[in-house]
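Please open the structure in your viewer and keep the selection tool at hand. The tour goes stop by stop, with something to select at each one.

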Amino acid sequence: MDGNLFPTLIFLPVLLSAVLPSSAGVLEPYDLLYDNAVEAFYSADYESVVRYMEGALSSHRQVRATRVRCRLRCQDQHPLDESFSDLRFFDSVLRRAACMNKCIEEKVGTQSLHKVSEDVVQDFSRRIPYNYLQQAYQKLQRPDKAAEAAHTYFQANPEHVEMGRDLEQYKNLQGVEETHFVDREARPHQRSFTAAVQLYDKGDYEGATALFEEALVEYYKADVDCRALCQGPQKFEGQDHLRYRYSLHEVVSDHFTQVLHCEHECVRDLATRPGRLSPMENYLPLHYDYLQFAYFKAGRLEEALQCALTYLLFHEGEEFMKENADYYREELGHDAEPREKAAWYLRRHKQELKLLLIGSKIMGAEFTEGNYWRSTGGRDDSNSVPSGTDGWMEYVPISHKKNVTVTSPQSLKEGGPLLYEGVQLVQNSAALNGTQRVLLDHVLSEEECAELRQLAHTVTMAGDGYKGRMSPHTPNEKFEGASVLKTLQHSFEGRVPMRSARLFYETSERARRIIESYFVLNSTLHFSYTHLVCRTAIKGQQDHRNDLSHPIHADNCLLDPDANECWKEPPAYTNRDYSALLYLNADFEGGEFIFTEMDAKTVTASVKPKCGRMVGFSSGGENPHGVKAVTSGQRCAVALWFTLNPLYRELERLQADEVVQALDTQHVFGQGLNINPKDEL
């Protein structure tokens, strides 16, 4: 036995006692404060809601910061001994545990008081406290604080329609300024990165480089904090480690493997914006990509070369960046080295992957680099699966070279035949300032439009497709709709003419065939959803309107203007590929259809509806769109969404096809059609 360890064994009980909680609590637990705030909310005690909820948020931040600070300090004070002696290892572990407990309890009190349920953890992760705060501040007539809370909540919950509507109203309130719309939970590295990209896009390269450098500093700080938070208790899902393992070393191995998993996930966590499931593509390397070109534009070639070489650490062999680096070398007359911080960061991740492979074998799990990234939400395509040689995640590179044309992996075409006599091409993608866009006229005649409008007045129901919400997008308009199947059911019951129901059915098929042909698709375009819709301006609510009839959005992804991204994940209808709107009238005011940039503000094209006019476009983030306010009258259209995947065909459409086929073949229906309408939206 090592004689130097004898004192450790003597004082082992002292160390163990130090691990156990001992001091009185000095910080009120945030879950208790949260419960008190919720209880006060339902008692309409809004002053208490604010006091308790702000206290809960403050307590939550303090507990997190204390854990990070104490774990890092104790990790430095008690490093694991490199001799790998069993007793030295456990000596370091025990001393580190004692150090952390003492440090944490001096700041926040007994740790057991700050253990909270998973439900509370999820509520804080989803920023639910800010929803309560927004309503409480509103009741207390503090619109500036309400706007701040609403904005913070909405950043993580962009699909929350009511909150989006509240934010629009706050913008018009006296005493509320643009500076009040701040994200109280913004992560510094993401905030700096977003601001840097905005300056970069404006051509302010000096300002952009400063912010990108700031974002990198904040990113590496956040990475350290994230890893420190992984040093706590781990979950062994589906396993009871007290029973299924009998070897101490196996239990320790399992724990540290879980810690490694957690630490390695920090890469993904730091690149994921609030409320999103998917990380931003190429996030950390993209900083160096932006920087190399920004430094070049600012005339600072030394820094440009260094950043280009750093980017190549992540994407070895990337041709466009190798060419840039060669250019910088030639201009400077000498070479340079990549940044050591990034090089060290990559070396650590590669070592982690090797250890994870070893740990997974000990735990009996099937783990490879590829399986790891796929199991944690990584995309499974040729551009983003882990590398087979060095185990690092292969990012999708984005070029910032001059005169680079970015093209889609698929060959996108347009200009195919319009199939029906009289249909006229008005504007193509170029004229509409985008890609995969088309504007057509005379898809319907005046008589057909009139008949479909009459049909809409009879069969549409308020809130159809939106769970009965009469005004799903704006409180200033009434929304009504009906599906093809519901219309056929009404015709069978004698409530509308069968001819009109068939016209709706055949019109949607006409639109589908035109879109499929014009965009020269190589496979069948299937219906995803078809809706006969009308938007009606509500009288007395149109003065001083500055909202939209339908906010800017994309049809198959969640638009994130701040990040210049569109996240293809639920609740978006991710399997939709093409969209079309076929208008039935023009006798109303407002209601123009608009395309915008990804910022959801810059309008790139505007379409004034009229009978027989149809706008068609691909459903992704390349085509953000919305509808301007309908300020007088009623605007009606046939809205259509399509998919190229037959597995996601609209069930109602298949049932409608069967009904029409039965009618065509003179089938007798007995007591009635077996129809079960289902709203998709």
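What follows is a walk from the whole chain down to single residues and strands.

**Stop 1: the whole protein**

Keep in mind that this is a predicted model. Colour by secondary structure and you should find 23 helices and 15 strands. Now switch to a surface view. The accessible surface comes to about 33500 Å², and carbon and sulfur atoms hold 51% of that. Of the 681 residues in the protein, 49% are buried. If you draw contacts between residues at least 6 apart in sequence, 74% of them join residues at least 24 apart.

**Stop 2: aromatic pairs on helix 11**

Aromatic pairs come to 31 in this model, counting rings whose centres lie within 6.5 Å. Select Y219 and Y283 for one of them: the ring centres are 6.0 Å apart and the planes meet at 45°, so this pair is tilted. Which helices hold the two rings? Y219 is in helix 11 (residues 205–229) and Y283 in helix 15 (residues 283–297), so the pair ties together parts 64 residues apart in sequence. Turn on the surface and check how covered they are. Y219 has 1% relative accessibility and counts as buried; Y283, with a relative accessible area of 2%, is buried as well.

Next, select Y220 and Y345. This aromatic pair is edge-to-face, with 5.5 Å from centre to centre and 70° between the planes. Y220 lies in helix 11, while Y345 belongs to helix 18 (residues 340–363), so here the linked parts are 125 residues apart in sequence. Y220 is buried at a relative accessible area of 9%, and Y345 is buried at 1% relative accessibility.

**Stop 3: charges over rings**

Select R437 together with F595. R437 lies over the face of F595, 4.0 Å from the ring centre. Then move to R510 and Y420, where the charged end of R510 sits over the ring of Y420 at 5.8 Å from its centre.

**Stop 4: helix 21**

Select residues 484–492, which make up helix 21. Is this helix mostly covered or mostly open? Helix 21 is mostly covered, with seven of its nine residues buried. The buried residues are V484, L485, K486, T487, L488, H490 and S491. To see what covers them, add the surrounding elements, including helix 20 (446–459), helix 22 (498–518) and helix 23 (651–664). Strand 3 (461–462), strand 4 (477–482) and strand 5 (526–537) are also among the elements covering these residues. Just after helix 21, pick G494 and read its backbone torsion: phi is positive, at about 85°.

**Stop 5: a four-stranded open sheet**

Now look for the open sheet whose four strands follow the order 6-14-11-12, with antiparallel pairing. Strand 6 (548–553) and strand 12 (603–607) are at the edges, each with a single partner strand, so one side of each has no neighbour in the sheet. Sight along the sheet and you can see its twist, which averages 25° from one strand to the next. Zoom in on strand 6 and strand 14 (residues 625–628), which pair in the antiparallel sense over three bridges. Select L548 and you will find K628 of strand 14 standing opposite.

**Stop 6: strand 9**

Select residues 578–583, which form strand 9; six of its six residues are buried. Show the side chains: Y578, A580 and L582 point one way, and S579, L581 and Y583 point the other way. Both groups are buried. Next, add the partners. Strand 13 runs antiparallel to strand 9 and is joined to it by five bridges, with F617 as the bridge partner of S579. Strand 15 (residues 630–643) is also antiparallel to strand 9, through six bridges; there, L582 has V638 as its bridge partner.

**Stop 7: G612**

Finish in the loop between strand 12 and strand 13 (614–618), where G612 is placed. G612 is buried, with a relative accessible area of 0%. What does G612 touch, not counting residues up to four places away in sequence? Its contacts are L440, D441, H442, V443, L444, C449, L582 and Y583. For a last distance check, pick the C-alpha atoms of G612 and L440: they are separated by 8.2 Å, although the residues are 172 apart along the chain.

Terms used: Residues numbered from 1 in each chain as written. Predicted model: local features only at pLDDT ≥ 70, side-chain atom pairs only at ≥ 80, totals over all residues. Heavy atoms only, no water. Phe/Tyr/Trp six-rings, centres within 6.5 Å; stacked < 30°, edge-to-face > 60°. Helix = DSSP H or I, 4+ residues; strand = E, 2+ residues; numbered from the N terminus. Buried < 20%, exposed > 50% of the residue type's maximum accessible area, 1.4 Å probe, protein only. Lys NZ or Arg CZ within 6 Å of the ring centre and 35° of its normal. Contact = heavy atoms within 4.5 Å. Areas by Shrake-Rupley, 256 points an atom, 1.4 Å probe, with all protein chains shown as cover. Pairing = 2+ DSSP bridges. Axes fitted to C-alpha atoms, helices over the stretch in contact; angles between N-to-C directions.
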